[in-house]
Amino acid sequence: MVELYHVNKDYGRGHQALVDINLAVEKGEFVFLTGASGAGKTTLLRLLFREEIATSGKILVDGMNVSTLSASGVPKLRRRLGIVFQDFKLLARRTVFENVAMVMEVTGVPRHRQRSKTYAVLEMLGLNHKVRSYPLELSGGEQQRVAIARALVNEPALLLADEPTGNLDPRLSWDIMTLFKTINIRGTTVLVATHDKDLITRMGKRVLTLDCGRMATH
Amino acid sequence: MIRHSVREALLNLWRNRFMNLVASFTIAVSLLVLGLFLLLAHNLGDVVAAVGSQVTVSVYLRGDASEEQRSRLMESLRGRPEVDSIEYFTPQAALEKFQKLFPNMREVSSELEENPLPASVEIRIAQGHREPEALGRFTEEMKRLPGVEDADFDLPWVTRLREVVNMTRAAGVSLGGVVGLAAILTIASVVRMTIYGRQQEIEIMRLVGATRTYIAAPFLLESSLLGILGGGLSLGALYAIHRHVANSQASLVPVLRELLTASFLPQSTSALLLLLGLLAGALGGLLSLRRISR
C-alpha cells in the first residue's frame with residue numbers, strides 16, 4: 001500500500017527533514033510512526049498525500065507513483081485517502097454534517113447517499129446528536145471525532161492520522177485507537193503518527209521510528 | 001457540480017454584497033462611458049445614413065428671378081439623369097427650415113425686418129452621379145443658369161460628419177477600454193479578497209481531493225455574475241439619462257440633446273454591453289484565480 005525508496009526531503013540551507021527513507025506498509029497493516037518532535041513524522045505524511053514533494057526518491061501509494069503525479073492527478077490520489085490532521089482542519093462556518101458530507105460533495109456522490117453515509121459514520125463516532133452543531137460549539141475531543149468521521153466517510157483504502165489523539169484525554173485517546181483498530185480489521189490500512197508511547201505500547205502494533213529524519217532500525 | 005457552483009456563487013455574492021456592489025459599480029461606470037459614446041455614435045450614424053443617402057445640390061435663386069425663370073429651371077432639371085428629385089423652398093419656407101435647424105437663433109432671425117434668405121431649389125442627386133468631380137461640374141453648370149445666384153453641394157460636410165461618427169466611436173471604445181481595464185482589475189482584486197477570505201476552506205477542499213475546477217468554478221461564476229450586473233446597471237443608467245434628457249427642459253446644446261434622445265441603443269448593442277460586462281467579470285475572476293492556484 002505504501003512504499004518509499006530512498007526518499008529525501010531537503011528544505012535547503014542544510015535543513016534536511018528526511019534522509020534516505022526506505023519503508024513499506026502492506027495492505028491491511030496497522031503501523032505507528034513515531035519519533036521526537038521535529039523528527040520528520042508530519043513531513044513524511046505530507047509527502048504521502050503530495051502536500052510536499054520529495055527532493056528525491058520514489059513514493060508509491062496504493063499503486064500510484066506520488067512523485068510523478070501531475071497536478072490533475074493529485075485530487076485522485078487524495079480521494080483514495082482519509083487524512084486526520086492534528087489541527088482538525090474543520091470548516092468553522094459549516095455544521096458537523098456539512099463538514100463530513102463535503103468530502104462526498106466534492107467527489108460527486110449523490111445527495112441521498114451522502115446523507116445516509118454521513119449519518120452512519122457520525123453515529124459510529126457517537127456524534128449523531130451534534131449533527132447540526134458548528135465546530136466551535138464542540139469540545140476538542142468532539143472536533144477531533146468529526147475530523148475522523150470526515151476521513152472515514154469515503155471508506156478510504158488508506159487512513160493517515162497525524163497525532164489524532166494529541167488533544168484528547170487518555171480514555172478518549174484509547175477509544176479512538178480502538179475505533180481505528182476496528183476500521184483496520186474491516187480492511188483499511190492505517191498509518192498513525194504519534195509520540196504517545198503508552199498508546200503505542202498498549203496497541204502492540206508495528207512501529208516505525210524516525211530519528212532526526214532517518215529511519216531507526218530496531 | 002453546476003448546481004453546487006451556482007449555489008455557492010449566489011451565496012457568496014450575497015455574503016459579501018457590499019464589496020461586490022462596489023465592484024459591479026466600477027464595471028457599470030466603464031460600460032456607461034462606453035455606452036454613452038455608442039449611443040451618440042448610433043444616433044449620429046442614423047443622421048449620417050439619412051443624410052448620406054441624400055447628396056444634395058442647393059441652387060439659390062436670385063432675388064429678382066422671375067416666376068418664368070423658376071419654372072423653366074425646374075422643368076429642365078426634372079428631365080436630367082443626375083436628378084433624383086427636386087424641392088422648391090420659398091424664402092419663407094427657407095427661413096422656417098433654418099429656424100428649425102437652429103432653434104437658438106429663432107429670436108434673432110424673427111427680429112430681422114427683411115428675410116435675408118433666398119428662394120432655393122434642393123436637388124437630390126441620383127446614385128451614380130455622386131462623384132465629387134461630377135458634382136462639381138453639375139454645380140458649376142447650375143450656377144450659370146439664368147435666375148441663379150449661387151449653387152453648392154455639401155459633400156464635404158457629410159464626409160466630415162462620417163469622420164466625426166467614427167472618431168466618436170473610437171473615442172468611446174478607447175475610453176471605455178481604459179476604464180474597462182480598471183474595472184477588470186477591480187473585480188480581480190475583489191475576487192482575490194474573497195479567495196483570501198476563503199483560503200482555509202479552499203485548502204481543506206484541496207486536501208480532501210476537490211479538483212481545481214470544482215474549487216474555481218464558483219469564483220468564476222461569481223465574478224461573471226458581477227460583470228453582468230455591472231452591464232445591467234450601466235444599461236439602466238444609460239436609459240435613465242436618455243429618458244431624463246428627453247423629458248426635462250435641460251439646457252443642453254441642442255445637437256447633443258438630439259443625439260442622446262433621438263433613439264435608444266439597438267438591442268444588439270445593449271446585448272453587447274451586457275456581454276462585455278460578463279467578459280470583464282470573467283477575466284477579472286480568471287486573473288485572480290491564476291495567482292492563487294498552485
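This text goes through a predicted model, taking the sheet of chain A, then the sheet of chain B, then the interface of the two chains.

In chain A, 6 strands make up an open sheet with mixed pairing, and their order is β6-β7-β8-β3-β9-β10. At its edges stand β6 (81-84) and β10 (214-216) of chain A, each of which pairs on one side only. Direction ignored, neighbouring strands of this sheet are turned by 20° against each other on average.

The parallel part of the pairing can be followed at β3 (residues 30-35) of chain A, which is joined to β9 (residues 206-211) of chain A over 5 bridges in the parallel sense. Two positions show the register of β3(A) against β9(A): L33(A) stands opposite L208(A), and T34(A) has T209(A) as its bridge partner.

On to the next pair: β9(A) and β10(A) run antiparallel and are joined by 3 bridges. Here T209(A) stands opposite A216(A) in β10(A). T209(A) is thus a partner of T34(A) as well as of A216(A). The two strands β9(A) and β10(A) form a hairpin, with 2 residues between them. In the turn, C212(A) has a positive phi of about 50°.

Towards the β6 edge of the chain A sheet there is a helix to consider. Helix α5 (residues 140-152) of chain A lies across β6 and β7 (158-162) of chain A, and its direction is at about 170° to β6(A).

Chain B has an open sheet of 4 strands in the order β2-β3-β1-β4, and the pairing is antiparallel. Because β2 (83-89) and β4 (148-153) of chain B stand at the edges with a single partner strand each, one side of each is left without a neighbour in the sheet. From one strand to the next, the twist averages 20°. The edge strand β2(B) pairs with β3 (residues 120-125) of chain B in the antiparallel sense over 6 bridges. Within that pairing, S85(B) stands opposite R124(B) in β3(B).

Two helices of chain B belong to this picture. Helix α3 (residues 67-79) of chain B lies across β1 (56-61), β2, β3 and β4 of chain B and runs at about 160° to β2(B). Helix α6 (residues 132-144) of chain B also packs on the sheet, where it touches β1, β2, β3 and β4 of chain B. The direction of α6(B) makes about 170° with that of β4(B).

The last part concerns the interface. Between them, chain A and chain B bury about 1700 Å², and 54% of this lies on carbon and sulfur atoms. Of the area that chain A buries against chain B, R78(A), R93(A) and V106(A) supply 28%, more than any other three residues. The contact involves 19 residues from chain A and 19 residues from chain B.

As for specific interactions, the rule finds 3 salt bridges across the interface. One of the salt bridges pairs R94(A) with E201(B), whose closest N and O atoms are 2.8 Å apart. There are also 4 residue pairs in polar contact across the interface, with both residues at pLDDT 80 or more.

On the side of chain A that touches chain B, the elements giving two or more residues are α2 (73-79) and α3 (96-106) of chain A. The largest share, 4 residues, comes from α3(A). By class, this side of chain A has 10 nonpolar, no polar and 9 charged residues.

How values were computed:
Residues numbered from 1 in each chain as written. Chains lettered and ligands numbered in written order. Predicted model: local features only at pLDDT ≥ 70, side-chain atom pairs only at ≥ 80, totals over all residues. Heavy atoms only, no water. Pairing = 2+ DSSP bridges. Axes fitted to C-alpha atoms, helices over the stretch in contact; angles between N-to-C directions. Contact = heavy atoms within 4.5 Å. Buried area = accessible area lost by both parts, 1.4 Å probe. Salt bridge = Lys/Arg side-chain N within 4 Å of Asp/Glu carboxyl O. Polar contact = N/O pair within 3.5 Å; in protein donor to acceptor, adjacent residues only side chain to side chain. Nonpolar A, V, L, I, M, F, W, Y, C, P; charged D, E, K, R; others polar.
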